[in-house]
Amino acid sequence: MSYSLTEAKNDVCNRAGVTDCGTIIDMNHVLTLTDPVLLTQQLIDIPSESRSEKSIADAVEAALTGLGLETVRVSNTVAARTFRGLGRRVILAGHLDTVPAAGNIPSHRDGDIIHGLGSVDMKSGDACFLHALATLAHHESLNADITAIFYECEEIAAQFSGLQKFIDAYPEWVRGDFAILGEPTGGVVEAGCQGTIRMKLTAHGVRAHSARAWLGENALHKLGPILTRIAADEPREVDIDGCTYKEGFNAVVAEAGVAKNTIPDEAVLYVNFRYAPDRSVEDAKEHMLTVLGGGDPARAGELVEIDYDDVSPAAAPGLSTPVAADFVALAGSVRAKYGWTDVARLSALGIPSVNCGPGDPSLCHKPEEHCPVSQIEEVSALLTKFLTC
């Protein structure tokens, strides 16, 4: 069933008791929930660097509470959900935080482009989700219950993840048939995500003057054969649900040296493996150790000291499930997600999950971050169609 935007606005305003239709107000900010483009700018204009999300969380909480929905909050993570017994539940999840500003707040609009911090990553995605919840939560054409989660601390270390803390605090809230994460994808559906493991490899030697190198043992040289083996590793291409995931095992940081005339007694190499969703974490570790050890995973630990700097599982696309297939069919195309996103946290709970949001991901964290208005409108239209058709 289709319905007009005016009808949706009136329905939301009547239920929320708002006289100035389309706005929910807290003491500091006005959020225009029924206009995702304007809402994107309003969200950009609330500074929300990681670990400083209180103001934006307050504004979002006030908006969601004003819709008459069940709402909970964990620190600066806010969630709301409908309970209409519609037979299936869709989770919409987006992070509220940004990287530090680089002279790109407040927002500004130049024709059909919105400029500003978070315009891509990912306040435009949050705006689309807030708009969908506001206009559809109480509408008769809604075809699935909605849980919306707006969380803190995505842009920093995983230990601070607001989404994981919310999952731990309210596991019953994170149950659903399908999840959409508002990561910037240019409006295209990107399914699942790669897993990532980062290792710190430390080689030890004996320090000596380079004029008498035979008195030392060069730790940096010990990394040479390991670097050669990593460079020779052939990346796999794996097709899952019609999405091709390409793996990559690479050295990313090297640290060594005491002085320009000294044999180093320690050398450190960081390596990163981005792996396809058909591998478990343990399978991925085994592959890394096998490459490092020249075919013998047990030998790797004899060559260098190994520490795991970061370990995150991959997420399978799960596109064979009916609800995921419905979303992809409406979107018209799908591709694999390169990189790791929080869909992995949701996939680990057994929820098929995809990434879909406005904005070019190559602009993430750049001072010139900007997003086309057309993509915000297209993603909003896609969500409305998916949740009402």
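**Entry 1: the Glu 190 contacts**

I began with two charged residues and noted that Glu 190 and Lys 337 are both buried. The model I am reading is a predicted one, and I keep that in mind throughout these entries. I then looked at how the two side chains stand to each other, and found that Glu 190 and Lys 337 meet in a salt bridge, at 3.1 Å from N to O. Glu 190 sits in strand β10 whereas Lys 337 belongs to the loop between β19 and α10 (343–347), so this pair ties together parts that lie 147 residues apart in sequence.

I next looked up a further partner of Glu 190, namely Arg 335, and here the closest N and O atoms of the salt bridge are 2.8 Å apart. This pair also links distant parts of the chain, with Glu 190 in strand β10 (residues 189–191) and Arg 335 in strand β19 (residues 334–336), 145 residues apart. For accessibility I noted that Glu 190 has a relative value of 6% and counts as buried because that is under 20%, while Arg 335, at 37%, counts as partly exposed.

**Entry 2: other salt bridges**

I took down the total for the structure, which comes to 17 salt bridges. One of them joins the side chains of Asp 112 and Arg 109, with 3.8 Å from N to O. I checked the setting of each partner and found Asp 112 exposed, with a relative accessible area of 56%, and Arg 109 partly exposed at 43% relative accessibility. I also noted a network of salt bridges in which Lys 54, Asp 58, Glu 61 and Arg 73 are linked.

**Entry 3: strand β4 and its partners**

I turned to strand β4 (residues 77–81) and asked myself: how many of its five residues are buried? Five of the five are, so the strand is largely enclosed by the rest of the structure. Following the side chains, I saw that Thr 77, Ala 79 and Arg 81 point one way from β4, that Val 78 and Ala 80 point the other way, and that all of these are buried.

For the pairing, I recorded that strand β3 (residues 70–74) runs antiparallel to β4 over five bridges, with Val 72 standing opposite Ala 79. The two strands form a hairpin with two residues between them, and in the turn Ser 75 has a positive phi of about 55°. I then looked up the pairing of β4 with strand β8 (residues 145–151), which is antiparallel over four bridges, and found Ala 79 opposite Ile 149 there. My note on Ala 79 is therefore that this residue of β4 faces Val 72 and also Ile 149 in β8.

Technical notes
Residues are numbered from 1 along each chain as its sequence is written. This is a predicted model: local features need pLDDT of at least 70, side-chain atom pairs count only at pLDDT 80 or more; totals for chains, interfaces and linings use all residues. Side-chain values use heavy atoms; hydrogens and water are left out. Buried means under 20% relative accessible area, exposed over 50%, partly exposed in between (1.4 Å probe, protein chains only). Two strands pair if DSSP finds at least two bridges between them. A salt bridge is a side-chain nitrogen of Lys or Arg within 4 Å of a carboxyl oxygen of Asp or Glu.
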